[in-house]
Amino acid sequence: MSAIAARYFDGRSSRLHRVTLTVEDGHAVLRGDAERREPLHALQVSERSRHAARKVSFADGAYLEVDDSAAFATLLRQTGHRDGWVVRLQHSWRAVLAAAAATVALLWLGYLYLLPALAAGIAAALPPAVERQLGAGVLKLLDDRMLAPSTLSPLRQAALSERFRRLQPPQGATPAWRLQFRSSRIGPNAFALPSGDIVMTDQLVKLLDNDAAVMAVLAHELGHLHEHHGMRRVIQGSIVTAVSGLVFGDLSTLMATAPALLLDMKYSRDAEREADDYAVAMLVHNGLGVQPLVDVFARFQALERKQGGDFGYLSSHPPSAERLARIRDAGVRMH
Ligand SMILES: [Zn+2]
């Protein structure tokens with residue numbers, strides 16, 4: 001096996017040592033200005049490139065530069081060194097970037113498509129007790145911090161509950177629900193917790209000023225319950241937190257996020273659309289037509305014009321033209 005001329009640097013000084021490189025018995029052997037013998041597996045060979053010399057790195061920081069890359073390639077082949085993709089990957093920033101981009105793309109696709117399906121599957125398979133407990137915990141938290149007992153009379157509360165109870169669900173079984181009236185420091189609001197508790201604030205009842213519109217909001221919330229949107233969102237958030245915990249190495253926040261996710265209850269547009277569709281179907285199914293839901297939107301729009309939309313129910317349920325048009329369309333289709 002022939003010897004190849006090379007330049008050796010010991011990694012401590014910039015002094016150049018002219019040496020020859022041979023491979024003997026699984027070892028790289030240097031002779032000349034410097035003498036050295038190292039097992040091949042302890043060395044790293046740089047990526048092949050058109051102009052630069054090939055570089056052989058020793059574990060202690062010393063390195064070797066070889067200009068005759070053809071002879072060097074032959075030597076590598078003869079020694080069975082695999083000048084393959086592993087070496088390339090380790091040394092090429094392009095490959096690193098490509099791998100990072102591929103990882104991001106994969107995570108993003110997973111986030112868009114896999115995660116919602118997974119969360120829906122898990123939510124459907126969870127025992128109801130889990131949703132009950134989670135919802136009850138969040139309601140208690142809210143009662144401690146943001147909600148006060150309702151000022152509506154028990155009679156009025158019972159009448160609204162009874163009126164909603166008489167409505168038939170548009171499809172399947174009615175999800176378990178319990179109407180919880182509260183007074184709120186966060187203005188007009190209504191939301192459904194995974195436990196089936198639908199919280200309706202006095203402020204929203206007052207704003208709607210129309211019991212049929214209250215039914216429309218409740219039907220929308222029942223739609224969220226029917227689709228397990230709350231639980232799905234918590235599961236999705238938990239998976240995202242868990243995955244980023246795995247990626248970035250911090251799992252401590254995982255268990256703390258579920259209540260926060262529920263408090264920051266912003267569903268996806270798809271979820272809102274599904275809840276709107278459910279509400280429309282329920283109203284129409286019970287002979288009320290879509291007008292109550294249209295009235296809800298009119299009230300929201302008026303409030304938005306007056307106060308801006310960045311709080312409470314308005315921020316999570318913007319009275320967008322798209323939603324309104326969709327509801328009106330649905331009404332036309334269904335009547
Ligand atoms: Zn909603």
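This passage walks through the sheets and nonpolar cores of one predicted model.

Since the structure is predicted, local features are taken at pLDDT of at least 70 and side-chain atom pairs count only at pLDDT 80 or more, while totals for chains, interfaces and linings use all residues. Residues are numbered from 1 along each chain as its sequence is written, and side-chain values use heavy atoms, with hydrogens and water left out.

Start with the open sheet. Seven strands (DSSP E runs of at least two residues, numbered from the N terminus, just as helices are H or I runs of at least four) line up as β4-β3-β2-β1-β7-β6-β5, with antiparallel pairing; two strands count as paired if DSSP finds at least two bridges between them. The edges belong to β4 (36–39) and β5 (44–45), each with a single partner strand, so one side of each has no neighbour in the sheet. Further in, β6 (residues 54–57) and β7 (residues 63–66) run antiparallel and share four bridges, with arginine 54 partnered by valine 66 of β7. Across β1 (4–9), β2 (17–24), β5, β6 and β7 lies helix α1 (residues 69–78), running at about 45° to β6. That angle is taken between N-to-C directions on a 0 to 180 degrees scale, from lines fitted to C-alpha atoms, for helices over the stretch in contact.

Next comes strand β11 (residues 197–201), where five of five residues are buried, that is, under 20% relative accessible area with a 1.4 Å probe and protein chains only (exposed is over 50%, partly exposed in between). Both faces are covered: Asp197, Val199 and Thr201 are buried on one side, Ile198 and Met200 on the other. Strand β9 (residues 178–184) runs parallel to β11 and is joined to it by five bridges, one partner pair being leucine 179 and isoleucine 198. Strand β10 (residues 190–192) is antiparallel to β11, with three bridges, and alanine 190 sits opposite methionine 200. β10 and β11 make a hairpin with four residues between them, and glycine 196 in the turn has a positive phi of about 100°.

Methionine 200 turns up again in the packing. Beyond its neighbours within four places in sequence, its contacts (heavy atoms within 4.5 Å) include Leu179, Phe181, Ala190, Val214 and Leu218. Along with Phe164, Met200 has the most contacts inside the largest nonpolar core, a 39-residue set; such a core is made of buried Ala, Val, Leu, Ile, Met, Phe, Trp, Tyr and Cys residues joined through side-chain atoms within 4.5 Å. Helix α7 (residues 211–226) gives the most to this core, nine residues. Another core, of 19 residues, lies apart from it, with Tyr8, Val23, Ala28 and Phe72 among its members.
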